[in-house]
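Here is a walk through one structure, from a single strand out to a whole chain. Keep the view open as you read.

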Amino acid sequence: MVKSYEAGGTEFRLSVPRLDILKGAKLAFVGESGSGKSTLLELLAMILRPTESKAFNFQPAADGQIHDIAAAWESADADHLSDLRSRHIGYVLQSGGLLPYLTVRDNINLSRRLVHRSTEDVAEHWAERLNIAAQLDKQPAKLSIGQRQRVAIARSLAHDPSVLIADEPTASVDPLHAERIMELMIGLVDELGVTLIVASHAHRLMGRAGLQMIDHAIDAVSGNSMHVTVSDASS
Amino acid sequence: MTSCFILALSAVLLPLLVLFGLKFGIIGNLLAPLEDDPRYRQIRPVGSGSFSSDWFDQMAARDDVAFIVPRTRSISATMRLRLPDSETGRIISVELIPSAAGDPVLGDLDPPSGFSSVLLSQDAADKLAFAEGAGAEGILSRTYKSQQETVLLPLTVTGVAPAGAFERDGMFVSHELLVAVEDFLDGRAVPPLGWDGSPTQDDSRKFSGFRLYARDPGDVAGLRRGLMARGIDVRTRQADIELVQSLDRNLSIVFWIIAGIAAVGYGISFGSSVWANIERKQRDFSVLRLTGFRTRGIVSFPILQALMTGVLGWAIAAVIYFFVQAGLNTLLAESVGGGEAVCRLLPAHFMIAMLLTLSTASAAAALGGIRLAKLEPSLALREG
C-alpha cells in the first residue's frame, strides 16, 4: 500500500510493502515527527484514501468477516467504511478531539449512540475505570489535558471496538501523566482483548509499556521528496 | 448565532411581506370593480352586422366567452308597454334586451323565458310604478298589407333588473320573444302567438348584433382583437382594464426586484456565515467522521439547521406581519374608505414566502455542506 501526497512543496511517499496485525497485538509505530505515523494510522483507520493499494483487508474480531478495504476505496463506498469505523474502531487523537459543546458524558456515549447501543451506565462505568467520574457533567474545556485524554480513551472504547488506534495519545501530557495514561490504556486493552495500534515518538515510553515497536524508516530525503517505508513486520 | 440569523431573516422577510401585502391589497381593490362589474367584461358591437346562428354557437363554445346572445335590429327590438292595473295607465316604449340563463347583469335573478316571462330595467319599472306581482301588457303595431295592425301581448314581469344593468327604459326578454317581435314587425307570421303574416324564415336567419361578455376582464383584449380581425368593430372598456393591469405588472416588477435583492443579500450573508461556521467547526466534523458518522449525516446537519432557521424566521415574520397589517388597515381605512383592506395576503402567499425562504436558505447551506463533504478529514485532525 502506498500513500503519496504533497505538503508545503515537499513530495511525501509512504509505502507499506507488507503489514499484518493480528488480533490482540499491541503495536507502536515509532519515528520522528513527519515520518508518516499519523498518515499510516489514518490509512489503517480507513479515513484516508490510499494512493495505491494492492491488498488491504480488515477482519474485525467481532464479526469474523474479511472486509476488502481496498475494494471499498476503489468503489468509493464511503458509507461502508464509515460503518466499519463506527463499529470496530476506536480512535484517540493527540489532543482529544472531544466535541466542545457536549458534556464528558455525552462525548463518551457518542460512539455508542452512533451504533444504536444502550448508553445506560456506560459513561459511569468508563469514567470510573479512567478516574474521571467527577468530571462527567462538565464540558471538555473545563478539564485538564490529561483528563481530556482519558475521556477520549473512554469514548474510543465505549462501543467495544476490536481495534484501538491512538495517535500520540500522550504527546501533550507531562511525562508522569503520560506514563500513567499509557498504563491505564494498556491495562484496559489487555483486559478487553482489543488490538492496539499506537503512533508515538516516545521510544522509551513505548518500550516500557511493552509494545512491539515498528520503526518508520526514512529511506531517502532529498530536496523536495521524502520516502518512508514501514518496516515489514509480522506480529 | 442561530437565533441571530432567525431574527435577521425575519427582518428581511417582514418588509417584503408588508410590501407584497400592500401591492396585493391595492391592486385587489382596483381590480375588484373590474371583476364584479360586468360592464368591464362587456364587448359591444358598433353599428350592425350580420351574424349567423353558427357564429353564435362557435362564440358560445369559447373558453373566454361567459355569455353571448344575439340581438335583432334595434328598430325592431322595441315595444310599447303598460301595466293594465296601474292607476296612471301610462304607456312607455321599452327597448328589448335579449337575455338567457347566465346573463351577468341579472345576477341571481331568474332569466326571462318563453313568450311571456320578462324583467324590467330599473328606469322602466320606476316610470310604470311597477309593483311586485303586477301583470303587464306589450303593445306592438305594424303596417301589413297597407293595414295598420296592433297586437296585445300579455306579459308576466318576474322581477326588476339591478340598477346599472340597463340605464334606459328596457325590458329583458327571451330569445324567442325577441325573434317573435322582429318577425311580427317585419310582417311575418308567429304561429305560437297566433300572429298572422308571411311564412317564417328558416334557420338561415341573420342577427344584426349581440350581447357579449368575456369570462374575465383579462379576456376582453383577446376577444376584441379576434373580433376586430374579422372586421367586427367593437367597443370595450379595455383601456380601464389595461390601466390596472399595467399598474399591477409594474408594481410586481418593482416588488420582485426588491425581493430579489433582499434574497441575494440574505443568501450571501447566511451562506457565508454557514461557510465560516463550517470552517470553524471543521475539526469537530472530522472527529464525527472519524467516529464513524457517514458523510450524508454530517452534510445534512447544516442544511437542517438552515431549514430550521428558515421556518422560525418565516414564522416570526408572519406573526409580526399580522400586527402590521391590522395597523396599516386601520390607519389607512379612512383615506381609502369602503372598509376595504389596503394590505392583505392569502394563505398561499405565506406558503410561497416560506418555500422561497427555505429554498434560499437551504441553497446557501448546501454550498456549505458541499464544502464540508469535500473536506479531507485527516488534514483537519492534525491542525489541532
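In this predicted model, start with strand β2 of chain B, residues 65-71. Five of its seven residues are buried, so the strand is largely enclosed by the rest of the structure. Buried here means under 20% relative accessible area.

What does β2(B) pair with? Its partner is strand β9 of chain B, residues 209-214. Six bridges join the two strands. They run antiparallel. To find the pairing on screen, look for B:V65, which stands opposite B:A214 in β9(B). One general point helps when viewing such strands. In a regular strand, side chains alternate between the two faces of the sheet.

Now turn to chain A. Its secondary structure comes to eight helices and twelve strands. The radius of gyration of chain A is 18 Å, close to the 18 Å that the globule rule gives for 235 residues, so the chain is as compact as a globular protein of that length. Its C-alpha trace spans about 50 × 40 × 35 Å along the principal axes.

How much of chain A is buried? Of its 235 residues, 51% are. Contacts in chain A also reach along the sequence. Among those with a separation of 6 or more, 68% link residues 24 or more positions apart.

The outside of chain A comes next. The chain exposes about 10,500 Å², and carbon and sulfur atoms supply 48% of that area. Chain A carries 23 positive and 29 negative charges. The mean positions of these two sets lie 4 Å apart.

Technical notes:
Residues are numbered from 1 along each chain as its sequence is written. Chains are lettered from A and ligands numbered from 1 in the order in which they are written. This is a predicted model: local features need pLDDT of at least 70, side-chain atom pairs count only at pLDDT 80 or more; totals for chains, interfaces and linings use all residues. Side-chain values use heavy atoms; hydrogens and water are left out. Buried means under 20% relative accessible area, exposed over 50%, partly exposed in between (1.4 Å probe, protein chains only). Helices (H or I, at least four residues) and strands (E, at least two) are DSSP runs, numbered from the N terminus. Two strands pair if DSSP finds at least two bridges between them. The radius of gyration is taken over C-alpha atoms; the globule rule is 2.2 Å times the number of residues to the power 0.38. Contact means heavy atoms within 4.5 Å. Accessible areas come from the Shrake-Rupley method with a 1.4 Å probe; for residues, only the protein chains shown count as cover. Lys and Arg count as positive and Asp and Glu as negative; His and the chain ends are not counted. The place of a charge is taken as NZ of Lys, CZ of Arg, CG of Asp or CD of Glu.
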